[in-house]
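Visitor: I'd like a close look at a single part of this one. Put the model up and let's start from there.

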Amino acid sequence: MALCVDRARFLLRYRSDFQRAMTATRPYCSSSEASGRQRVNGVDLYYEQTGGGKHALLLLPGALGSTRTDFGPQLKSLNKERFTVIGWDPRGYGRSRPPDRDFPLDFFERDAKDAVDLMKALGFGKFSLLGWSDGGITALIAAARYPDLINRMVVWGANAFVTQHDLQLYEGIRDVFKWSARMRQPLEEVYGVETFAKNWGAWVDGFAQFSKRPEGSICIEQLPLIRCPTLIVQGEKDPIVPNSHAHFLSKHIKGSRLHLMPEGKHNLHLRYADEFNKLAEDFLEDGATN
């Protein structure tokens, strides 16, 4: 009984921290210079583009995330003279619907190919990646698979494998109807109540698939293939992706740099947007050529 009580208390604390992270993801008023849908791999992918700099950046959102929910401060405030910033909604997310989202075992590889092919379709021959959470995993795979196209990469809240502990955390937040209304609202506004609940449960199941792979690998075997300069940012108070994942990435991506934010949680780029944006800009500036 004591173990059950302790686990319940832990999940309540975790759910509370997760709620604070998710409620920071709010739709923003777009200031994009261009937006639209581009046909890529049989799907109309929605994107927004701002800035006119020579260095192209692609923003990759988290689970069920989109340009409008995940990257408002970056689209608004990243230096528009130095960078051209593109946000996109992966297939089945946000405004890139239809199709409905699904989670086959290779969904990250599919997202990586879609992301790269979108940038090529928009006319960018080489570009950098900024990936958050699931988008960070997608960025890692894209950098490994398409090394000649990727200039530099910043990832945060990302993991290359899952543990049973990770899966227990995800299972603890499967039922979105146990979340507070404030926590659900941003994603319900995008998907509707029923579709959001269905998609979130499917995402939990999608991640559970990786536990059947050796070492719970999502992309462990691809990390040594990454050649671009890489900055790994980790919030030391992230309740969703433990710090050990960031240290693993740092150890297995050659020449990568690890930056720890002592007060950062999973949504550090939103909660500490100015600090994060400067950190990213300074890192990316060395590669600010197409």
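Visitor: Among contacts in the protein chain between residues at least 6 apart in sequence, what percentage join residues at least 24 apart? After that, walk me through the sheet and what lies on it.

Guide: The percentage is 77%, where a contact means heavy atoms within 4.5 Å. Before the sheet, some housekeeping. This is a predicted model, so local features need pLDDT of at least 70 and side-chain atom pairs count only at pLDDT 80 or more, while totals for chains, interfaces and linings use all residues. Residues are numbered from 1 along each chain as its sequence is written, and side-chain values use heavy atoms, with hydrogens and water left out.

The protein chain has 11 helices and eight strands; these are DSSP runs numbered from the N terminus, H or I of at least four residues for helices and E of at least two for strands. Of its 290 residues, 57% count as buried, meaning under 20% relative accessible area with a 1.4 Å probe, protein chains only (over 50% is exposed, in between is partly exposed).

Now the sheet. It's open, with eight strands in the order S1-S2-S4-S3-S5-S6-S7-S8 and mixed pairing; two strands pair if DSSP finds at least two bridges between them. At the edges sit S1 (34–40) and S8 (257–261), each pairing on one side only. From one strand to the next, the twist averages 20°. Further in, S6 (residues 150–156) and S7 (residues 230–235) run parallel, joined by four bridges, and Trp 156 stands opposite Val 233 in S7.

Two helices are worth a look here. H4 (residues 107–121) lies across S1, S2 (43–50), S3 (55–60), S4 (83–88) and S5 (127–132), and runs at about 120° to S1. Angles here run from 0 to 180 degrees between N-to-C directions, and axes are lines fitted to C-alpha atoms, for helices over the stretch in contact. H5 (residues 134–145) also packs on the sheet: it touches S3, S5 and S6, and its direction makes about 145° with that of S5.

The loops off these strands have their own quirks. Between S1 and S2 you'll find Asn 41, which isn't a glycine yet has a positive phi of about 50°. Asn 41 counts as partly exposed, at 37% relative accessibility. The loop between S4 and H4 holds Pro 98 and Pro 99. Arg 97 and Pro 98 are joined by a cis peptide bond with omega about -5°, and the bond from Pro 98 to Pro 99 is cis too, with omega near 10°.
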